[in-house]
Amino acid sequence: MKKILLTGSRGQLGCEIRCASARYSDLDIFFTDLDELNITDEGAVRSFFSDLNPDYIVNCAAYTAVDKAEDEPELCFRVNRDAVALLASEACKSNAKMIHISTDYVFDGKNHRPYTEDILPDPQNVYGRSKLDGENLLMQVCPQSMILRTSWLYSSFAANFVKTMMSLGRERDRLNVVFDQIASPTYAADLAEVILHIIDSGKFLPGLYHYANEGVASWYDLACRVQRLVGNTCLVIPIETKDYPTRALRPHYSVLNKEKIKSTYGIRIPHWEDALERCIRLMQEK
Ligand SMILES: NC(=O)c1ccc[n+]([C@@H]2O[C@H](COP(=O)([O-])OP(=O)(O)OC[C@H]3O[C@@H](n4cnc5c(N)ncnc54)[C@H](OP(=O)(O)O)[C@@H]3O)[C@@H](O)[C@H]2O)c1
């Protein structure tokens with residue numbers, strides 16, 4: 001049995017890993033969230049490592065409120081940078097393999113071609129900077145780690161854009177949604193499956209990888225598809241980012257190139273439209 005410490009277990013990805021773990025009988029996962037293990041608490045992190053002595057740590061805990069981060073950067077950096085360094089240091093000391101999740105928001109969005117892992121990041125907001133600092137510290141402190149960058153996560157669990165669009169679409173006749181931010185929506189269940197597959201395969205190859213569902217979309221495309229799948233008649237109107245100002249700047253284009261993870265692990269990645277349909281069908285069955 002491989003023993004795994006998982007943080008942030010009540011978030012979207014943590015919940016999906018819990019669901020997917022039922023299919024992996026050789027993985028013994030210890031699920032924790034803020035109440036059990038606050039990753040910024042040095043003493044708590046140390047004692048978790050010494051008590052549990054995990055083979056792997058999967059860090060799904062993060063500060064993910066992109067706009068709020070502009071107003072509370074200290075907390076954002078404490079969770080996304082300092083705590084990652086702390087986990088990395090404990091992982092290194094105890095020879096545990098660390099899998100950490102990062103974001104497409106490390107990029108400035110000025111590219112017109114999908115971002116490969118070797119393109120230099122240049123985050124445009126506090127959240128992106130904190131995640132990039134977390135990546136860099138992790139690789140300094142524990143270079144034998146794996147970072148999976150992903151984009152536009154949604155799930156049947158926790159709050160996300162897809163769920164917001166489902167409920168707003170029921171309540172309103174019209175919705176304005178930006179069409180000039182483009183990336184790949186990613187079903188957290190698909191990312192969860194890949195993480196468990198990597199651990200279960202025993203083929204742990206450290207480094208930076210990009211993972212998102214196949215295909216690209218704007219938030220507008222995603223909102224339209226959600227309304228169609230759930231049968232809402234709400235009219236979705238495409239607008240420009242300049243007409244929907246937010247506290248944090250976001251990249252206009254943050255499509256991730258996934259060739260590295262696909263060729264390294266021989267995986268096929270589902271298209272975002274099929275993944276979205278699966279997620280919505282599941283929510284409707286619940
Ligand atoms: N969501 C996206 O669109 C997106 C896109 C790209 C990359 N990512 C990355 O993917 C990963 C998973 O994201 P997600 O969407 O699953 O995030 P999420 O739903 O926000 O879950 C994060 C979890 O971490 C917990 N947490 C926050 N601070 C903590 C602390 N100090 N100690 C322990 N737990 C703490 C949160 O608890 P509270 O809810 O109580 O704060 C929450 O349960 C993150 O690294 C994120 O940066 C996300």
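**Exercise 1.** How are helix 5 and helix 9 oriented to each other: roughly parallel, roughly perpendicular or oblique?

*Solution.* The model is predicted, and the reasoning begins with the two helix axes. Those of helix 5 and helix 9 (residues 272-285) come within 12 Å and cross at roughly 60°. Angles under 35 degrees count as roughly parallel and those from 65 to 115 as roughly perpendicular. Helix 5 and helix 9 are therefore oblique to each other, and their crossing is right-handed. The contact is formed by Val162, Lys163 and Met166 on helix 5, together with Leu276, Ile280 and Met283 on helix 9. Sorted by class, the residues of this contact comprise five nonpolar, no polar and one charged.

**Exercise 2.** Describe how helix 5 packs with helix 7, giving the angle, the handedness and the residues in contact.

*Solution.* Begin again with the axes: helix 5 (residues 161-171) and helix 7 (residues 219-230) have axes 9 Å apart and pack at an angle of about 55°. The two helices are therefore oblique to each other, and the handedness of their crossing is right-handed. Next come the residues: helix 5 contributes Phe161, Val162, Met165, Met166 and Gly169, while helix 7 contributes Trp219, Leu222, Ala223, Val226, Gln227 and Val230. In terms of class, the contact of helix 5 with helix 7 contains nine nonpolar and two polar residues, and no charged ones.

**Exercise 3.** Determine the strand order of the open sheet, and explain which strands stand at the edges.

*Solution.* The open sheet is formed by six strands in the order 2-1-3-4-5-10, and the pairing is parallel. Strand 2 (27-31) and strand 10 (207-210) each have a single partner strand, so one side of each is left without a neighbour in the sheet, and these two strands stand at the edges. From one strand to the next, the twist averages 20°. At the strand 2 edge, the pairing can be followed in detail: strand 1 (residues 2-7) runs parallel to strand 2 and is joined to it by five bridges, with Ile4 standing opposite Ile29 in strand 2.

**Exercise 4.** Which strands does helix 1 lie across, and which strands does helix 3 touch?

*Solution.* Helix 1 (residues 12-20) lies across strand 1, strand 2, strand 3 (56-59) and strand 4 (97-103), and runs at about 145° to strand 2. Helix 3 (residues 73-93) also packs on the sheet, where it touches strand 3 and strand 4, and its direction makes about 160° with that of strand 4.

Note on methods
Residues numbered from 1 in each chain as written. Predicted model: local features only at pLDDT ≥ 70, side-chain atom pairs only at ≥ 80, totals over all residues. Heavy atoms only, no water. Axes fitted to C-alpha atoms, helices over the stretch in contact; angles between N-to-C directions. Helix = DSSP H or I, 4+ residues; strand = E, 2+ residues; numbered from the N terminus. Parallel < 35°, antiparallel > 145°, perpendicular 65-115°, else oblique. Left-handed = near helix turned anticlockwise from the far one by under 90°. Contact = heavy atoms within 4.5 Å. Nonpolar A, V, L, I, M, F, W, Y, C, P; charged D, E, K, R; others polar. Pairing = 2+ DSSP bridges.
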